[in-house]
Amino acid sequence: MHPTWIEIDLPQFRKNIAAVRKWIGKTLYCLPVKANAYGHGLCAIGREAAAAGVDMLAVAHLQEGIQLRNARIAIPILVLGAIHEDQIQSLIEYDLEFSISSRFKAELVREKWRGGKKCRIHLEVDTGMKRTGMRPETAMALYREIADWDCMEVVGIYSHFATADAPNDPFVKKQIEAFTQMERIPAIRHLCNSGGTVFYPEAHLDMVRPSLLTFGYGPKSIGEVAPCFSLKSKVSYFKVIEAGEGISYGHTYKAAGKTRIATIPIGYGDGYRRALSNKGMVLIRGRRFPIVGNICMDQLMVDVGQNEVYVGDEAVLIGKQGNEEISLHEIASLCDTIPYEVLCSFNERIPRIYTETDSSDLYPS
Ligand SMILES: *Cc1c(COP(=O)(O)O)cnc(C)c1O
């Protein structure tokens, strides 16, 4: 087995889904699983979410939708990103719902449609994000026009918040107003990301799309929601160095005194950010130790001082060990970025392991 892995605690993931469910009541639950389900593993998470009763999955791109269908996931899937003309046949073939974000895109679909099933589309309205989507008036005019087209059926209408990470934001209120003032049409109305779901219950409407929250990192904790993601490895090498000796490329760290150095087989080639050089921490035997020297492509070094550490010991880079924890937020703030980007940075070289029990209790501390 690869000595570095991402561990997903499935019972916790299911608890999160149940907690969000409870929070939103009868509102439909769409889980965005784009970008490899925020690093948690696209198909495994899609399958778990479908089994746990999520109503719909959302992805950014066609390719992600195809992967989910090939994994035999049958619940509705919405492709959020703007579509391209050469994707239309596949969107239909794989039974994917998709966004129409302009009149131009709608006309493309009409041109490319070859009969058969109607496309199930969601009108995307821009209420202030200024990324994709039509103005409310344009969306309504288009809605009336396509009502008698054979190629598509409007099943949803949605918009996206730009500033919903905190409560009582005046711009969020403007976006809610712009969206809810539109003429009611017989389609699923959806507006809320995680921030909206937590802080603006009045905007839940017919469906919500909280992703980060479902993975346990909401802007505010609700119910039993907690992270289900850990990044773990095993000490691969151990050495003793003398005072004044430099470590790793460029010798950016020099030992103050004689000390013990453990090597961990993870680096920026796995997506563990080099910005964490001489800043990040690692848990070994239930204690926090600093990363010393520059992080390499495949390895990094940890100063364990005078502590006993052995090759094969578990090293936790994100998550809990004993009574200690390195949180995703801590890593993100050390990298001067947001939790989303850290989760998305871990690549395919790190296997995802799905556990049915929280194994962090099994290791010595
Ligand atoms: C990614 C995405 C979401 C989920 O955002 P979170 O902040 O993770 O809840 C919701 N809606 C759209 C349109 C998205 O692109």
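These questions and answers look at the ligand and its pocket in a predicted model.

Q: Which residues are closest to the ligand, and how many surround it?
A: The ligand is surrounded by 13 residues. The closest are K34, Y38, S194, R209 and Y340. A residue counts here if one of its heavy atoms lies within 4 Å of the ligand.

Q: What makes the pair between the ligand and Y38 a polar contact?
A: The cut-off is 3.5 Å between N or O atoms. An oxygen atom of the ligand is 2.6 Å from an N or O atom in the Y38 side chain. That distance is within 3.5 Å, so the pair is a polar contact.

Q: Why does the pair with H160 count as a polar contact?
A: A ligand nitrogen atom is 3.4 Å from an N or O atom in the side chain of H160. The limit is 3.5 Å, so this pair counts.

Q: What about S194?
A: Here a ligand oxygen atom is 2.5 Å from an N or O atom of the side chain. This is within 3.5 Å, therefore it is a polar contact. The protein covers 92% of the 390 Å² of accessible area that the ligand has on its own.

Q: Where does the ligand sit?
A: The ligand takes the space of the largest pocket. About 670 Å³ of space lies in that pocket.

Q: Which residues line the largest pocket nearest its centre?
A: They are K34, Y38, M129, R131 and H160, out of 29 lining residues. Elements giving two or more residues to this lining are α2 (34-38), α9 (194-199) and α11 (339-345). α2 gives the most, with three residues.

Notes:
Residues are numbered from 1 along each chain as its sequence is written. This is a predicted model: local features need pLDDT of at least 70, side-chain atom pairs count only at pLDDT 80 or more; totals for chains, interfaces and linings use all residues. Side-chain values use heavy atoms; hydrogens and water are left out. A polar contact is a pair of N or O atoms within 3.5 Å; within protein, one must be able to donate a hydrogen and the other to accept it, and residues adjacent in sequence count only if both atoms are side-chain atoms. Accessible areas come from the Shrake-Rupley method with a 1.4 Å probe; for residues, only the protein chains shown count as cover. On a 1 Å grid over the protein atoms alone, a cavity is a set of points where a 1.4 Å probe fits but cannot get out, and a pocket is an open set with protein on both sides within 12 Å along at least five of seven lines; lining residues have an atom within 4 Å of a point. A molecule sits in a cavity or pocket if more than half of its atoms lie within 2 Å of its grid points. Grid points are joined across faces, edges and corners, and a volume is the space filled by probe spheres set on the points. Helices (H or I, at least four residues) and strands (E, at least two) are DSSP runs, numbered from the N terminus.
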